[in-house]
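Visitor: I am in my first year, and I would like to learn how the words used for a protein model are justified. Could you show me the model and then take me through the terms with care?

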Amino acid sequence: MVTTRHDSLTNGLRLRTKQIARHSPLAKGVEVFANWTLAQIAGECLRTAGLPTPENAQGTIRAAISAGDLNDVLTATFGAQLIKSYHEGGDSTLGWCRESEVPNFRDQQRIRLIEVGGLARLARGETPADASIAADLETYKVARYARKFVASDEDLADDLVEAINAVFGDLGRAAARLRPDLVYSLLLSNPTLSDDVAMFDSSRGNLGEAESELSTSTLQIGIAAIQNAVATDREGNAVTLNCRPRYLVVPPNLTTIAAGILHNLVCEGGIGLELRVDARIGTAGVTDPATGEKHVGTATNWYLLPDAAQGAAIEIGYFDNLQPELSTFALGSGQWGVGWRVKLDIAAKALGWRGC
């Protein structure tokens, strides 16, 4: 949060200083604006642009928005707050979800290998056999999530910049919730993949029994299940994948238990797991942004997941940018003020199960 009335506006002005004429006070350092009203700053924007300044505050602000730099200053200010708030809370899905930029909003197809062809020993002078694989196709589309906000010229004349700035802080935090909401909705819904088997299923060997509450022994069972997972090549031979779990995700109720177990594993020279805590997989649950459906976990829920570089089971698809974007738009006839739009184009898709 800002500490003085115009701190956030000052930050926005700092972004614009290099673009404003050197003879203007705006180019000498934005600190002088800490005690200025928005109307005074608007007047300076008009003066710098060589435009006349109306006699009243509301007219000055309206003119600066239409023809001066004020709109850019406000957008830079609110955009900075949006991104700052977006990154403040952290994201427990980082590291184990693959991120992929997509070119459009049409179906995105991802091939998931289901049979692995090994290298065969080749005698001198022989020609190697053709490599071939069988694969399943997973498909998803990126969706747009957005919200708009309009500030009237009365709002701006009343110097409500900090109140408006707080709105964009809330929008940044809302955008930050999108990705984990989508991901944990997937985990809790346990989607069926293109092979007609759920992501977590006893036939895959990656679904614990209801009584498998987190403990050193059940965690070891989970680790072993992941590392002992095998695939079958086209000749019917078992192929050891040796996947390694990297993240342990638990609800808040298991925080101290999980931390104690991982501490003991490290002390005993065991493998290093990174603890992630997220209330969405517990009794708090999560609402799927894509469908509006509510999913609720349990207080004893836990997941083991691999590093995304080794074999991500969930892909985050995004269009153009993985963080929210802010833009302005013109108001309709008879309206005075400024409108802003916030958007984030994103999707989450389960692609596989190995390592989970």
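Guide: Let us start with a network of salt bridges that links Lys-84, Glu-88, Asp-170 and Arg-173. Please keep in mind that this is a predicted model, in which local features need pLDDT of at least 70 and side-chain atom pairs count only at pLDDT 80 or more, while totals for chains, interfaces and linings use all residues. Residues are numbered from 1 along each chain as its sequence is written, and side-chain values use heavy atoms, with hydrogens and water left out.

Visitor: Why is the pair Asp-170 and Arg-173 called a salt bridge?

Guide: The term asks for a side-chain nitrogen of Lys or Arg within 4 Å of a carboxyl oxygen of Asp or Glu. The closest N and O atoms of Asp-170 and Arg-173 are 2.8 Å apart, so the pair meets that rule. By this rule the count comes to 19 salt bridges.

Visitor: What makes about one helical turn the right description of the separation between Asp-170 and Arg-173?

Guide: The two residues are 3 residues apart in helix H6, residues 161-189, where helices (H or I, at least four residues) and strands (E, at least two) are DSSP runs numbered from the N terminus. An α-helix has 3.6 residues a turn, so residues three or four places apart point the same way.

Visitor: How do you know whether Asp-170 and Arg-173 are buried or exposed?

Guide: Buried means under 20% relative accessible area, exposed over 50%, and partly exposed in between, with a 1.4 Å probe and protein chains only. Asp-170 has 47% and therefore counts as partly exposed, and Arg-173, at 33%, also counts as partly exposed.

Visitor: Which residue forms a salt bridge with Arg-62, and what places it in that class?

Guide: Arg-62 pairs with Asp-153, and their closest N and O atoms are 2.4 Å apart, so the distance falls inside the limit for a salt bridge. This pair links distant parts of the chain, since Arg-62 belongs to helix H3 (residues 57-67) and Asp-153 to helix H5 (residues 153-157), 91 residues apart. Arg-62 is called partly exposed because its relative accessible area is 29%, whereas Asp-153 is called buried because its value is 2%.

Visitor: What else is buried in H3, and what does it pack against?

Guide: Gly-59, Thr-60, Ile-61, Ala-64 and Ile-65 are buried in H3. The buried residues of this helix pack against helix H2 (38-48), helix H4 (70-88), H5 and strand E14 (337-350), where contact means heavy atoms within 4.5 Å.

Visitor: Why is Thr-93 called buried?

Guide: Thr-93, which is found in the loop between H4 and strand E1 (97-102), has a relative accessibility of 0%, and therefore it counts as buried. Leaving out residues up to four places away in sequence, Thr-93 touches Arg-179, Pro-180, Val-183, Tyr-184 and Arg-276.

Visitor: What about Arg-276, which forms a salt bridge with Glu-274: is Arg-276 buried or exposed?

Guide: Arg-276 has 13% relative accessibility, so it counts as buried, whereas Glu-274, at 29%, counts as partly exposed. The closest N and O atoms of this pair are 2.9 Å apart.

Visitor: How do you know where His-295 belongs, and what does it contact?

Guide: His-295 is found in strand E10, residues 294-295, and at 9% relative accessibility it counts as buried. Leaving aside neighbours within four places in sequence, His-295 is in contact with Ser-185, Leu-188, Ser-189, Gly-285, Val-286 and Asp-288. The C-alpha atoms of His-295 and Leu-186 are separated by 9.1 Å, although these residues are 109 residues apart along the chain.

Visitor: What makes the phi of Asn-190 worth pointing out?

Guide: Most residues other than glycine have a negative phi, and most peptide bonds are trans. Asn-190 is not a glycine, yet its phi is positive, near 50°. This residue is found in the loop between H6 and H7, and at 23% relative accessibility it counts as partly exposed.

Visitor: Which sign does the phi of Asp-320 have?

Guide: Asp-320 has a positive phi of about 75° although it is not a glycine. Asp-320 lies in the loop between strand E12 (314-319) and strand E13 (325-329), and its relative accessible area of 46% is why it is called partly exposed.
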